[in-house]
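Please open the model in your viewer and keep the selection panel at hand. The stops below follow one another as a list of things to select.

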Amino acid sequence: MAGSDLNEANPAAGLADTSDSWAPGPSGPAVAEAPDRLQRLAREHLWMHFTRMGSYDADHAVPVIVRGEGCYVYDENGKRYLDGLSALYCVNAGHGRAELGEAAAAQAAKLGFYTNWSYAHPPAIELAARIAGLTPGNLNRVFFTSGGSEAVESAWKLAKAYHRARGDMNRYKLISRNLAYHGVSMGALSATGLPPLREPFEPLTPGGVHVPNTNSYRWSEQRDELWAADAIEEAIEFEGTDTVAAVILEPVQNGGGCFTPQEGYFQRVREICDRHGVLLISDEVICSWGRIGHWFGCERYGYQPDMITTAKGISSAYVPLGALIAGDHIAEPFLQGKSSFVHGFTFGGHPVACAVGLANIDLMEREDLPGNVRANEGLFREMLDGLRDLPIVGDVRGAGYFHAIELVKDKETKETFDDEESEYLLRGFLSGELYKRGLICRTDDRGDPIVQLSPPLIAGRAEFEEIVGILRPVLTEASERMESWSSLSRA
Ligand SMILES: Cc1ncc(COP(=O)(O)O)c(C=O)c1O
């Protein structure tokens, strides 16, 4: 099919691309309705992350979110949106929680900042102890960061430093999974398994090794369920056991669309790591703080990591905060004599951030938000599964309040959309249309095309009904559009 024919036939003709992922654009508010000043200043000065900024122009407004309350946010025109993504898997407690702001203000008034380099302060001490009380097993030592990439970066460095401290000098490699997102700083990016994010910045930190993920949607029934776990052992042996420092895995993998582990996957991985002296890092930047129904995602699947990396929901994202949580055995070599982990960030353990982290745990405990997720995730899943009758819905997967719907061209064969189709489907239609109808969620094709949902943990039946009430007509129209595109291109 010639490109020009396709363009003419393309039902999206005239719509501009706006973003590399889910952000709405073409159907966002018309600039005429938007306060001119903010739009102009945003276009002239704000460098938006992972965004095709050239797509915003006089006809396509930057979506400006000004206020939030509960599961909802409001744009600068006062229009309300259901935040089906918790901002970016972050705002676990929901929007507009004044007590989190009050905790920040009280701490800033008392001690606005002091560092954790050789000094300590009460909020960091209290939060570290509180986290240690919630983690499974011996994960008792907390190294604070400002976000997820810093936590991953720190975990990899600590894994290397730990092996060296024990005289194992050559272990530097980090094994992670294809399509997994572990952040974008150079070390974390080396763990990230998404070629389009990596290639522009190569060469990356040496030692990133990638193995298959647990997406079983297209696996043959004959395939051994634990083959992806066993692939980790093959990679360790292939790389040379004495060169591998750690394996980093998310409990439920975000990149590619909420891949859950097979029964026994993490137990097998734990055995493999133990057999080869390799550390297991559970990257829970998304999957902790109730997102999948437990304080920490590893609890859901019953495995004990050597380290956990976390961020986002730790403060419900009211302030930037992340952490690397290490087992006692990992910390032990650094607690003696003159040894130290020669690594740190000025803002790691910022007192204002830690005060908000403490207030966030108080709130989550008081309202039992992990319990709310466990109580309602079945309903959420059932309602999303209810969309499976649509021809475009190939798979629904995930855990807790973290689910993805995979969109397919052919349900029977599970054929996916090609790049051009996916581009139109996601950025030419879905993201804008969903936003126009008042739902923020993520449309993504870093793997196969998906719509991803991750609402605040206070959500329940009413919000799920609203989500599905918007998704159904929009996915129905998406199906029809893709069908007519296919027939036109076949003609
Ligand atoms: C599993 C995982 N690790 C690391 C990161 C990086 O976190 P940040 O964006 O805070 O640097 C993310 C971000 O989404 C993530 O999902």
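Begin by selecting strand E5 together with strand E6 (residues 208–211), which run parallel and are joined by four bridges; strands and helices here are DSSP runs numbered from the N terminus, a strand (E) having at least two residues and a helix (H or I) at least four, and two strands count as paired if DSSP finds at least two bridges between them. Before going further, note that residues are numbered from 1 along each chain as its sequence is written. This is a predicted model, in which local features need a pLDDT of at least 70 and side-chain atom pairs count only at pLDDT 80 or more, whereas totals for chains, interfaces and linings use all residues.

Stay with E5 and add strand E7 (residues 244–249), which pairs with E5 in the parallel sense over three bridges. Within E5, pick Ile175: its bridge partner in E6 is Val209, and its bridge partner in E7 is Val247. Five of the five residues of E5 (residues 173–177) are buried, so this strand is largely enclosed by the rest of the structure; buried means that 20 or more other C-beta atoms, placed from the backbone, lie within 10 Å of the residue's own, against 12 or fewer for exposed and values in between for partly exposed. In a regular strand the side chains alternate between the two faces of the sheet. Here Lys173, Ile175 and Arg177 point one way from E5, while Leu174 and Ser176 point the other way.

Next, select strand E10 (residues 322–327), where six of the six residues are buried, so that E10 too is largely enclosed by the rest of the structure. Gly322, Leu324 and Ala326 point one way from E10, and Ala323, Ile325 and Gly327 the other way. Strand E9 (residues 307–310) pairs with E10 in the antiparallel sense over four bridges, and Thr310 has Ala323 as its bridge partner in E10. E4 is also antiparallel to E10, joined by six bridges, with Leu139 standing opposite Gly327.

From E4 (residues 139–145), select Phe144. Is Phe144 buried or exposed? Phe144 counts as buried because it has 28 C-beta neighbours inside 10 Å. Leaving aside residues up to four places away in sequence, Phe144 touches Asn116, Ala124, Leu321, Ala323, Gly348 and Gly349, a contact being two C-beta atoms, placed from the backbone, within 7 Å.

Now show the ligand, which 13 residues surround, the closest being Gly147, Gly148, Ser149, Gly183 and Val285; a residue is near the ligand if its C-beta atom, placed from the backbone, lies within 6 Å of it. Helix H6 (residues 148–165) gives the most to this shell, with three residues. For a distance label, Phe144 and Gly183 are 16 Å apart in space, C-alpha to C-alpha, and 39 residues apart in sequence.

Finally, colour the protein chain by domain, with domain 1 covering 3–93 + 369–490 and domain 2 covering 98–366; these bounds come from an automatic or database domain assignment. Their centres, taken over C-alpha atoms, are separated by 28 Å, and 27 residues of domain 1 are in contact with 26 residues of domain 2. On the side of domain 1 that touches domain 2, H14 gives the most, with five residues.
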